[in-house]
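Good morning, and thank you for joining this group meeting. Please look at the sequence and the structure as they appear, and keep both in view while I speak.

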Amino acid sequence: MSANGITNEQVSTFAADGAVCLRGILGRDWLERLWEASDEAMTMPPRDPEQRYFRRIGLWREVRGFGELCRDSILPRLAARFLGTRKVNLLYDQLFVKEPDMVDRSAWHNDQPYWPLRGGPAMTFSVPLDHVDESLGAIEFIRGSHLWNAWYQPLQGDEEGRRKSQPAPRPGFIEMPDFDAERERHEILSYDMEPGDVLAFHGMLVHAGTANTTGTKTRRAYTVRYVSGSARYFDTSDIPGRNERLLNPDLRPGDPLDCDMFPVVYRE
Ligand SMILES: O=C(O)CCC(=O)C(=O)O
């Protein structure tokens, strides 16, 4: 373990595979803050009791434990190492809760094409708040796919953002292949994890979420997305399936991301 909390080998694994699981890097103190934060987020309106797959973004401003993890934990420093940068911006955070009877898989996609940035890498830390394995909605990754430079057209949600379809690709984007039909041609990575472990993955890595088929257990995961200081704002308004809530009308294309919405959380 280096002074930065991870080994050179872990940084190399991230660079080659696009994902690496960091075992036991968050202690009990952080987990208690995050469990409390997740309970608070789950009671915040609007809350649809029928919803079996809860996804909410932008909690770091409202829920103290989440804000502390995004800014004050080891994560910004680790992001600087994985992204090879001296400055890190927080892009956004997101809580994913899969209820016991949540049976839909999340479709294959990569994240960066949804995100309003170009010119530098971005990444996610997924922080499990419960035990995770394939039966509980673990994430699957196509090993090394972040190196394909494949800008897959984001999927478009219906009005409730639930059912997703594949719109015709915009210039610069390509259609997402049916990776389920060609699984044997790829190496699929997936990790059984415990609270305290943290999964790091690259913004261009192709991934999908398995369903929670347990019928009894809930699976919560909190994710934080960080961006290299080299990235610049990019206006995704005309890309079907982009995430509206990540657009910032105060930034112009080509601007550094630094602002209240995408704060600098690490600088050397
Ligand atoms: O947890 C999942 O099912 C999907 C998570 C995901 O797609 C992401 O964190 O980017």
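Which residues come nearest among the 13 residues around the ligand? They are K98, S106, H207, R219 and R225, where a residue is near a molecule or strand if one of its heavy atoms lies within 4 Å of it.

Before going further, I should state the basis of this talk. This is a predicted model, in which local features need pLDDT of at least 70, side-chain atom pairs count only at pLDDT 80 or more, and totals for chains, interfaces and linings use all residues. Residues are numbered from 1 along each chain as its sequence is written, and side-chain values use heavy atoms, with hydrogens and water left out.

Let us return to the ligand. A polar side-chain atom of H207 lies 3.0 Å from an oxygen atom of the ligand, and R225 likewise places a polar side-chain atom 3.0 Å from a ligand oxygen. The protein covers 97% of the 290 Å² of accessible area that the ligand has on its own; such areas come from the Shrake-Rupley method with a 1.4 Å probe, and for residues only the protein chains shown count as cover.

Which strands supply the shell? At least two residues each come from β3 (87-98), β4 (106-109), β12 (207-209) and β13 (219-228). The largest share, 3 residues, is that of β13. Strands here are DSSP runs of E with at least two residues, helices are runs of H or I with at least four, and both are numbered from the N terminus.

I now turn to E140, which is found in strand β7 (residues 139-142). Is E140 buried or exposed? E140 counts as buried because its relative accessibility is 5%; buried means under 20% relative accessible area, exposed over 50%, and partly exposed in between, with a 1.4 Å probe and protein chains only. Its side chain makes a polar contact with the side chain of R183 at 2.9 Å. A polar contact is a pair of N or O atoms within 3.5 Å; within protein, one must be able to donate a hydrogen and the other to accept it, and residues adjacent in sequence count only if both atoms are side-chain atoms.

Among the residues that E140 touches are H207 and T210, contact meaning heavy atoms within 4.5 Å. T210 is found in the loop between β12 and β13, and at 4% relative accessibility T210 also counts as buried. A polar atom of the T210 side chain lies 2.9 Å from the backbone nitrogen of A138.

Notes:
Lists of a residue's contacts leave out its neighbours within four places in sequence.
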